[in-house]
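Biologist: I'd like to learn how to read a model like this, one feature at a time. Please start with a single residue and build up from there.

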Amino acid sequence: EGKLGCVKDCTSSTSCGDGICGTTETCAKCAKDCGLCAPTGKAPSCGDGVCTAPEDCGNCVQDCGKCGNIACTCDGDSYCCKTKFDATCQKDCAACAGGPCPGQTCGDGLCQGTEDCINCSKDCGACKCGDGKCTTGEDCAKCPGDCGACKCGNGKCEPGEDSTSCPADCKAGTVGCKDNCGDSSKEADGSSCWCDDLCAENGDCCSDYETYCAP
């Protein structure tokens, strides 16, 4: 949370003129926050001379003008630029920037709105163990804080488990991916390998993954 209020209590807006296009606002109801509606029968197009949502000063300078000086927001609340440029930051930006504030655009350098390390690493940074998200390359063994602790009996043959230590989860004598998609397995030499959708990215697929489990 920043100095200017509780983020989770300020994620929506219904007040026209506060600088945020809230869930119940539209270009017809509140052009101040959502931009002007496109001419009837025409789809919004950057360069048509009308600042139409989802266009904003960040993604269409031609129609919407240059963004205001959003640094004022970060000066008042460092959370906005160091952690998340959330709805509260947008509201404060509208009040102090001396011009329009950018909307949510991946690649604009601000981690805001629904952006996170998964859908916009350009702005929010790469996902890492400890960020509360169990993402590609993480599992219960590598990052229990995000993915939960490995435990025998949960129906998954996880890292560190095998048919001896956890027969309930790991099939005895399992080799390769046949009838084992979505789980870990073993190569013929006994080395561990995987048959899930992430193994290709991590380089740890079983040798017959493409044959039995590739999407």
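Biologist: How does Cys 147 count: buried, partly exposed or exposed?

Modeller: You go by relative accessible area: under 20% is buried, over 50% is exposed, and partly exposed is in between (1.4 Å probe, protein chains only). Cys 147 comes out at 24%, so it counts as partly exposed. One caution before we go on: this is a predicted model, where local features need pLDDT of at least 70 and side-chain atom pairs count only at pLDDT 80 or more, while totals for chains, interfaces and linings use all residues. Residues are numbered from 1 along each chain as its sequence is written, and side-chain values use heavy atoms, with hydrogens and water left out.

Biologist: Which cysteine is joined to Cys 147 by a disulfide?

Modeller: In general, a disulfide is a covalent bond between the sulfur atoms of two cysteines. In the model, we call it when a pair of cysteine sulfur atoms lies within 2.5 Å. The partner here is Cys 134, with 2.0 Å from S to S. The torsion about that S-S bond is 95 degrees, and the link is right-handed. Cys 134 sits in the loop between helix 6 and helix 7 (144-147), and Cys 147 is in helix 7 itself, 13 residues away in sequence. Like its partner, Cys 134 is partly exposed, at 45%.

Biologist: How many disulfides are there by that rule?

Modeller: The count comes to 13. Another of them joins Cys 106 to Cys 120, at 2.1 Å from S to S. Its torsion is about 100 degrees, so this disulfide is right-handed. Both cysteines are in the loop between helix 5 and helix 6 (121-124), 14 residues apart. Cys 106 is partly exposed at 40%, whereas Cys 120 is buried at 1%.

Biologist: What does the disulfide from Cys 193 to Cys 206 tie together?

Modeller: Cys 193 is in strand 2 and Cys 206 in the loop between helix 8 (199-202) and helix 9 (209-212), so the bond ties parts that are 13 residues apart in sequence. The sulfurs are 1.9 Å apart, and Cys 193 and Cys 206 are both buried.

Biologist: You keep numbering helices and strands. How many of each are there?

Modeller: They are DSSP runs numbered from the N terminus: helices are H or I over at least four residues, strands are E over at least two. The protein has 9 helices and 2 strands. From the N terminus, the order is α-α-α-α-α-α-α-β-β-α-α.

Biologist: Which residues make up the largest nonpolar core?

Modeller: The general idea is that in soluble globular proteins, nonpolar side chains tend to be buried together. A core is a set of buried Ala, Val, Leu, Ile, Met, Phe, Trp, Tyr and Cys residues joined through side-chain atoms within 4.5 Å. The largest has 9 residues, including Cys 74, Tyr 79, Cys 80, Phe 85 and Cys 89. Helix 4 (79-82) and helix 5 (87-96) each give it two or more residues. A separate core has 8 residues, among them Cys 193, Trp 194, Cys 199 and Cys 206.

Biologist: Which residues of helix 5 are buried, and what covers them?

Modeller: Ala 87, Thr 88, Cys 89, Gln 90 and Cys 93 are buried, and their cover includes helix 3 and helix 4. Contact here means heavy atoms within 4.5 Å. Leaving out residues up to four places away in sequence, Cys 89 touches Thr 73, Tyr 79, Cys 80 and Lys 84. After helix 5 comes Gly 98, which has a positive phi near 70 degrees.

Biologist: And Gly 68, where is that found?

Modeller: In the loop between helix 2 (61-64) and helix 3 (71-76). Gly 68 is buried, at 16%. With the four nearest places either side set aside, Gly 68 touches Ala 97, Gly 99 and Pro 100.

Biologist: Last one: what pLDDT does the protein average?

Modeller: pLDDT is the predictor's confidence in each residue, from 0 to 100. The average is 76, and 85% of the residues score at least 70. Over residues 1-12 the pLDDT is below 50. Where pLDDT is low, the predicted coordinates should not be read in detail.
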